[in-house]
Amino acid sequence: MELDASKVPVIDDIDVKTIKECKVALVPVLCKLFNQSFRNGEVPEGCKIARVRPIFKSNDHDQPENYRPVSILPIISKILEHIVNQNLLDYLEGLKYFSKFQYGFRRSSDTTSAVVDLISEIQLLHDQGKKCALVSLDLCKAFDTVNFNILLDKLNLLGINNQTWDWFYNFLNGRTQMVHIGQTIGSGRKIMNGVPQGSVFAPTFFLIYINSISKLDLKGKVFLYADDTTLLYTSENNENIVKYMQEDLNKIEKCLI
């Protein structure tokens, strides 16, 4: 009932309004379908097909890079993901898995919190008469760089195993996407890496993937906001700061490869 019909495009002739109006009849069916999915560790194939609509941004219409791809998934898939994602987030918060300074895609953790905490830390160092510097990292097409095997290994290390792990493995693998322009739909192509664009899981998967940076033994203090990473350094002299920066960048590079 929380789905916003005005923001969820239809790709499978099933719209949000219809689901809401028929909820009494549909809920038992969906419960049976979803429970069967969890027991078997399998995601319905229809939930793993995405249509990609290119949205024009600016400049030359004939250049593909001037379009932003928007991935659209079936409504049933979003309902299924929402149920699992909420449980996954509760589990991770219970483990205190996320860094205190990991912001974005989490409850009560927005851009304001990130900026306030970072500025407060810098002000504290300034008041103590210390030198400080920042390194800002922005991963290019970050969500597309996520490696399935690495992500699944991280889930396993978090205690997600057996049928639950099988379910996530099945969810990530065997996915396809096809470009949809006007009335024309292209042939399906397999998705080999990257968190599923347009999915409810995408932000959570990326948080799990990128959180490992906060676990590294770094000289800089790490502030994470989605795919943006800021490292804050302090020392008595500039030479040490430059040295710490390079050492940390080398560690992060190895972590992300």
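This is a tour of a predicted model, stop by stop, with a selection to make at each one.

**The whole chain**

Start with everything shown as a cartoon. The chain has nine helices and nine strands. Along the principal axes, its C-alpha atoms fill a box of roughly 65 × 50 × 30 Å. Of the 257 residues, 36% count as buried. Among contacts with a separation of 6 or more, 67% are between residues 24 or more positions apart.

**The open sheet**

Select strands E3, E8, E9 and E4. These four strands form an open sheet, in the order E3-E8-E9-E4, and the pairing is mixed. The edges are E3 (102-103) and E4 (131-138), each of which pairs on one side only. In general, the strands of a sheet pair through backbone hydrogen bonds, either parallel or antiparallel.

Now keep E4 and add residues 228-235, which are strand E9. E4 and E9 pair in the antiparallel sense, over eight bridges. Two pairs can be picked out here: Leu 134 stands opposite Leu 232 of E9, and Cys 132 stands opposite Thr 234 of E9. How many of the eight residues of E9 are buried? Six are, and E9 is described as mostly covered.

Next, select residues 221-225 for strand E8. E8 also pairs with E9 in the antiparallel sense, here over five bridges. Val 222 has Leu 231 in E9 as its bridge partner. Follow the backbone from E8 into E9: the hairpin has two residues between the strands, and Ala 226 takes a positive phi near 55° in this hairpin.

**The loop after E3**

Go to Arg 106, in the loop between E3 and helix H4 (111-127). Show what surrounds this side chain. Not counting residues up to four places away in sequence, Arg 106 touches Glu 93, Phe 98, Ser 99 and Leu 207. For a sense of distance, add Cys 22: from C-alpha to C-alpha, Arg 106 and Cys 22 are 31 Å apart in space, with their positions 84 residues apart in sequence.

**Helices H7 and H8**

Leu 207, one of the residues touched by Arg 106, leads to the next selection, residues 202-210. This is helix H7, which is mostly covered, with nine of its nine residues buried. Its buried residues include Phe 205, Phe 206, Ile 208 and Tyr 209.

Move on to residues 212-215, helix H8, and pick Ser 212. Is Ser 212 buried or exposed? Ser 212 has a relative accessible area of 14% and is therefore buried, the cut-off being under 20%. Leaving aside neighbours within four places in sequence, Ser 212 is in contact with Lys 154 and Cys 255.

**Where H3 packs on H6**

For the last stop, select residues 75-94 (helix H3) and residues 162-172 (helix H6). Two packed helices are described by the angle between their axes and the distance between the axes. For H3 and H6, the angle is about 130° and the axes are 13 Å apart. The two helices are therefore oblique to each other, and their crossing is left-handed.

Show the side chains that make the contact. On H3 they are Leu 80, Glu 81, Val 84 and Leu 88, and on H6 they are Trp 167, Phe 168 and Phe 171. Six of the residues in this contact of H3 with H6 are nonpolar, none is polar and one is charged.

Note on methods
Residues are numbered from 1 along each chain as its sequence is written. This is a predicted model: local features need pLDDT of at least 70, side-chain atom pairs count only at pLDDT 80 or more; totals for chains, interfaces and linings use all residues. Side-chain values use heavy atoms; hydrogens and water are left out. Axes are lines fitted to C-alpha atoms, for helices over the stretch in contact, and angles run from 0 to 180 degrees between N-to-C directions. Angles under 35 degrees count as roughly parallel, over 145 as roughly antiparallel, 65 to 115 as roughly perpendicular and the rest as oblique. A crossing is left-handed if the near helix is turned anticlockwise from the far one by less than a right angle, and right-handed if clockwise. Contact means heavy atoms within 4.5 Å. Ala, Val, Leu, Ile, Met, Phe, Trp, Tyr, Cys and Pro count as nonpolar, Asp, Glu, Lys and Arg as charged, and the others, Gly among them, as polar. Buried means under 20% relative accessible area, exposed over 50%, partly exposed in between (1.4 Å probe, protein chains only). Two strands pair if DSSP finds at least two bridges between them.
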